[in-house]
Each structure stands twice: as structure tokens, then as C-alpha cells.
Amino acid sequence: DTLNHDVVSWDIIDYEPHMNVLSSTWSFKVKRYPDGTTKKLKARFCVRGYEQIEGVDYFDTYAPVVSWTTVRLLLVLSIVLNLCTKQVDYTAAFAQAPVTDNIYVEMPRGYKEAGKVLKLRRSLYGLKQSSRTCFSHLKQGLHKQGFTQSSSDPCLFIHPKMICLTYVDDCLFFAKDPKDIDNMIENLRTDNFALQVEDDIAGYLDVLISHQDDGSILLSQTGLIDRIIDAANLPD
């Protein structure tokens with residue numbers, strides 16, 4: 001599930017005095033399942049976006065996220081209409097979206113070259129406009145595959161054969177036939193989107209989604225609650 005080798009995130013160029021060069025940092029994080037167990041360890045090369053200058057390094061920044069009312073509604077419809085679901089992770093989502101502004105960043109710690117800086121081709125985590133460019137890129141890709149954006153929720157996309165919910169780098173597909181979802185994922189990959197299919201929707205947005213014996217769905221965040229209790233030192 002990698003990007004086409006022709007897609008690169010930046011060019012290494014010579015530094016010039018007129019450039020507003022943003023500093024960079026490494027970010028390390030433990031990703032967890034809803035029950036609190038470790039899912040994976042992540043390392044990210046990030047830009048210190050607070051150094052950006054409005055009108056020079058960025059302009060618009062707003063990006064929507066799906067409403068939980070919409071998520072709950074689709075979960076109910078999945079029961080009523082007997083829809084199959086599949087969760088897809090938009091891998092390294094921000095780094096897939098192209099940038100049009102001239103953005104210069106210092107080279108990563110451990111890989112510096114004297115007199116050289118990075119000129120971004122793709123967005124990076126930490127940029128003020130990253131969320132917007134990421135959402136715009138995904139929206140264009142879904143439109144190209146025949147999806148229509150809902151006027152009620154900008155993160156709800158409707159296709160003649162399926163529905164897609166987006167929340168930054170998490171996509172949730174609903175359809176009658178699972179093959180339609182599989183075909184759509186392959187079409188997006190062919191269009192140079194790096195996507196990772198998750199096992200199921202159990203951990204969508206760090207919420208445990210459990211199907212009950214009576215046909216209902218239970219939403220819970222036990223792992224998050226336990227970590228908050230531990231952090232607040234309130235085990236009793």
C-alpha cells in the first residue's frame with residue numbers, strides 16, 4: 001500500500017536569502033486500539049507550522065470533519081438495510097496531498113546538508129493548511145470515482161452503489177455488496193491513493209463499535225476512559 005515511486009514529497013534545493021525556511025521536528029507516537037492496547041509505533045517528520053506567515057506560506061486552512069450524528073445514522077442504516085461496512089485508512093494522508101504554495105523547510109535532523117533546504121511538493125504534518133489540502137485531495141479523488149458530496153454533511157459522499165464517510169485519514173464505506181467496496185478501493189489505489197484496509201469498523205475513530213445479540217450497536221471508549229482515569233490518578 002505505497003505511493004507510486006514517481007510521487008515525491010519534496011525537492012532538495014539550494015538555500016536563498018529570500019526564502020522563509022520553516023524549522024522541522026520528529027514526532028513519535030504510540031497508536032492504540034480502543035481497549036488501550038498498542039496498535040503500532042509511529043515516527044513522523046513534521047513542520048513547525050507556527051512559524052508560517054499568513055499570506056506567504058498559507059492562505060485558507062479550514063477542513064471539515066464528519067459529524068457523529070452522521071456516523072450514528074449510517075450505523076443505524078447499516079442494520080436496517082443490511083449493509084456491509086469496511087474501514088479504510090488513508091495512509092500518510094497529509095503527505096499524499098500536493099501543495100501549490102512555495103513552502104521551504106529545513107532538512108530533517110540526521111539528514112542535513114550544508115546550504116540545502118526542502119521545497120515541498122506534498123503537504124506535511126504540522127503545516128497550517130495540511131488538513132485542508134488533504135481533504136481537498138481526497139474529495140477530488142472521490143468525485144473522480146463518481147461520488148457526490150452531501151449538502152448536509154461535507155464529509156458524507158454518496159455513490160450509486162455505496163456511501164463513504166471521511167474523517168481526516170479514516171474512511172468508512174457502506175454498501176450492499178462488499179465487492180463494490182473492494183473494487184472502489186482498487187480504483188482509488190490505481191489513481192495513486194495509498195490506502196490500508198482495516199479488519200473491520202470496530203475501532204473507527206478510536207471508538208469500539210460492537211454488534212449486540214439483539215441487533216443493536218454499542219459504542220464505547222473503555223481504553224480512553226481508563227487512560228484518563230490513570231492520568232488523573234483516580235483509580236477508585
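## A salt bridge within helix H4

Let's start with one residue: Glu-186 is partly exposed, with a relative accessible area of 41%. Please keep in mind that the structure you are looking at is a predicted model. The side chain of Glu-186 meets that of Arg-189 in a salt bridge, with 2.8 Å from N to O. Arg-189 is partly exposed too, at 26% relative accessibility.

Where do these two residues sit? Both belong to helix H4, and because they are 3 residues apart there, about one helical turn separates them.

## The length and ends of H4

Helix H4 runs over residues 178–190, which makes 13 residues. At 1.5 Å a residue, H4 should span 18 Å, and the 19 Å between its end C-alpha atoms agrees with that.

What caps the N-terminal end of H4? Asp-177 does this job: one of its side-chain oxygens lies 3.0 Å from the backbone nitrogen of Lys-179. Beyond the other end, H4 is followed by Asn-192, which has a positive phi near 75 degrees.

## Two faces of one helix

Which residues of H4 are buried? They are Asp-180, Ile-181, Met-184, Ile-185 and Leu-188. Around the axis they cover an arc of only 135 degrees, so they lie on the same side of H4. The face turned away from this buried side carries the exposed residues Lys-179 and Thr-190.

Now look at what the buried residues of H4 pack against. Their partners include helix H3 (130–144) and strand S5 (84–90). Four further strands take part: S9 (156–159), S10 (162–167), S11 (170–175) and S12 (195–197).

## A tie between H4's loop and H3

Helix H3 comes up again in another salt bridge, where Asp-191 pairs with Lys-144 and the closest N and O atoms are 3.0 Å apart. Asp-191 is in the loop between H4 and S12, while Lys-144 is in helix H3, so the pair ties together parts that are 47 residues apart in sequence.

Are the two partners buried or exposed? Asp-191 counts as partly exposed, at 24% relative accessibility. Lys-144 counts as exposed, at 61%.

## Salt bridges elsewhere

How many salt bridges are there? The count comes to 7. One of them joins Glu-106 and Lys-112, whose closest N and O atoms are 3.9 Å apart. The cut-off for a salt bridge is 4 Å, so a pair at 3.9 Å is counted.

In this pair, Glu-106 is partly exposed, with a relative accessible area of 25%. Its partner Lys-112 counts as exposed, at 51% relative accessibility; the cut-off for exposed is over 50%.

Technical notes:
Residues are numbered from 1 along each chain as its sequence is written. This is a predicted model: local features need pLDDT of at least 70, side-chain atom pairs count only at pLDDT 80 or more; totals for chains, interfaces and linings use all residues. Side-chain values use heavy atoms; hydrogens and water are left out. The expected span of a helix is 1.5 Å times one less than its number of residues. Buried means under 20% relative accessible area, exposed over 50%, partly exposed in between (1.4 Å probe, protein chains only). The arc is that of the directions from the helix axis to the C-beta atoms. Contact means heavy atoms within 4.5 Å. A polar contact is a pair of N or O atoms within 3.5 Å; within protein, one must be able to donate a hydrogen and the other to accept it, and residues adjacent in sequence count only if both atoms are side-chain atoms.
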